[in-house]
Amino acid sequence: MIIKSILCPVLTKPEHGYLVHDYCSRENGSFCGFGCFPGYRISSGDTFRECQDDGTWTGESLICAETQCSPLKINPDIIQDCSPKQNTTNYIFGTKCRARCNKTGYRLAGLHIRECLIVGIWSGYEQFCIGK
């Protein structure tokens, strides 16, 4: 008697993500790995899933979300000009904000440009203005 194994359904790569090794076997006992592209982070789901004997996959589909940084702290003495321009309370990975003092006779202490890093935090430290 030949026992035919049940195949798991085809898994698709997540939006803004990838399938490890670009291939996923559907036979029971097989593992499939997933990840998110740079600039995206795992929002929910599982990075590895296993095809079970009953023809179902363990875990949940991976969801990749855009990496974002929270807004820079508001300082009334500093003007921040960020690029690319965004109508949001969070800033996407790669956003660069140039700071300058808004009062004559003051200079900026700290980095003039801060960048939203791939890990979702800003480069550098909070800037402030000091008198010349």
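Start with the open sheet of this predicted model by selecting strands β7, β9 and β11, which lie in the order β7-β9-β11 and pair in antiparallel fashion. Colour β7 (78-83) and β11 separately, for these two stand at the edges and have a single partner strand each, so that one side of each is left without a neighbour in the sheet. If you look across the sheet, you will find neighbouring strands turned against each other by 25 degrees on average, direction being ignored. As background to what you see here, strands of a sheet pair through backbone hydrogen bonds, and they may do so in parallel or antiparallel fashion.

Next, keep β9 and β11 in view and hide β7 for a moment. These two strands run antiparallel and are joined by three bridges. To see one of the partners in this pairing, select Arg-98 and then Ile-113, the residue of β11 that is its bridge partner.

From β9, move on to Cys-101, which belongs to this strand (residues 96-101), and then select Cys-129 in strand β12, a residue 28 positions away in the sequence. The two cysteines form a disulfide in which the sulfur atoms are 2.1 Å apart. Looking along the link, you will find a torsion of about -110 degrees about the S-S bond of Cys-101 and Cys-129, so this disulfide is left-handed. With a surface displayed, are these two cysteines buried or exposed? Both Cys-101 and Cys-129 are buried.

The following stop is Cys-69, in strand β6 (residues 68-69), together with Cys-116, in the loop between β11 (113-115) and β12 (128-131); the pair links distant parts of the chain, 47 residues apart. Here a disulfide joins Cys-69 to Cys-116, with an S to S distance of 2.2 Å. The torsion about this S-S bond is about 95 degrees, so the disulfide is right-handed. Cys-69 is buried, with a relative accessible area of 0%, and Cys-116 is likewise buried at 0%.

Now go towards the N terminus and select Cys-8 and Cys-51, which form a disulfide with their sulfur atoms 2.1 Å apart. This link is right-handed, with 95 degrees about the S-S bond. Cys-8 lies in the segment before β1 (17-19), while Cys-51 lies in the loop between β4 (48-50) and β5 (63-66), so the pair ties together parts that are 43 residues apart in sequence. Cys-8 is buried, its relative accessible area being 0%, and Cys-51 also counts as buried, at 1% relative accessibility.

With these links on screen, it is worth selecting every cysteine that takes part in a disulfide. How many disulfides does the count come to? The count is six, taking a disulfide to be a pair of cysteine sulfur atoms within 2.5 Å. If the bonded cysteines of the protein are numbered in sequence order, the pairing reads 1-5, 2-3, 4-6, 7-11, 8-9, 10-12.

For the last stop, switch to a surface view and select Phe-93, Leu-117, Ile-118, Val-119 and Ile-121. Together these residues make a nonpolar surface patch of about 440 Å². One of them, Phe-93, is found in the loop between β8 (91-92) and β9, and at 34% relative accessibility Phe-93 counts as partly exposed.

Terms used
Residues numbered from 1 in each chain as written. Predicted model: local features only at pLDDT ≥ 70, side-chain atom pairs only at ≥ 80, totals over all residues. Heavy atoms only, no water. Helix = DSSP H or I, 4+ residues; strand = E, 2+ residues; numbered from the N terminus. Buried < 20%, exposed > 50% of the residue type's maximum accessible area, 1.4 Å probe, protein only. Patch = residues over 30% accessible without salt bridge, like charges linked within 9 Å, V, L, I, M, F, W, Y side chains within 5 Å. Areas by Shrake-Rupley, 256 points an atom, 1.4 Å probe, with all protein chains shown as cover. Salt bridge = Lys/Arg side-chain N within 4 Å of Asp/Glu carboxyl O. Pairing = 2+ DSSP bridges. Axes fitted to C-alpha atoms, helices over the stretch in contact; angles between N-to-C directions.
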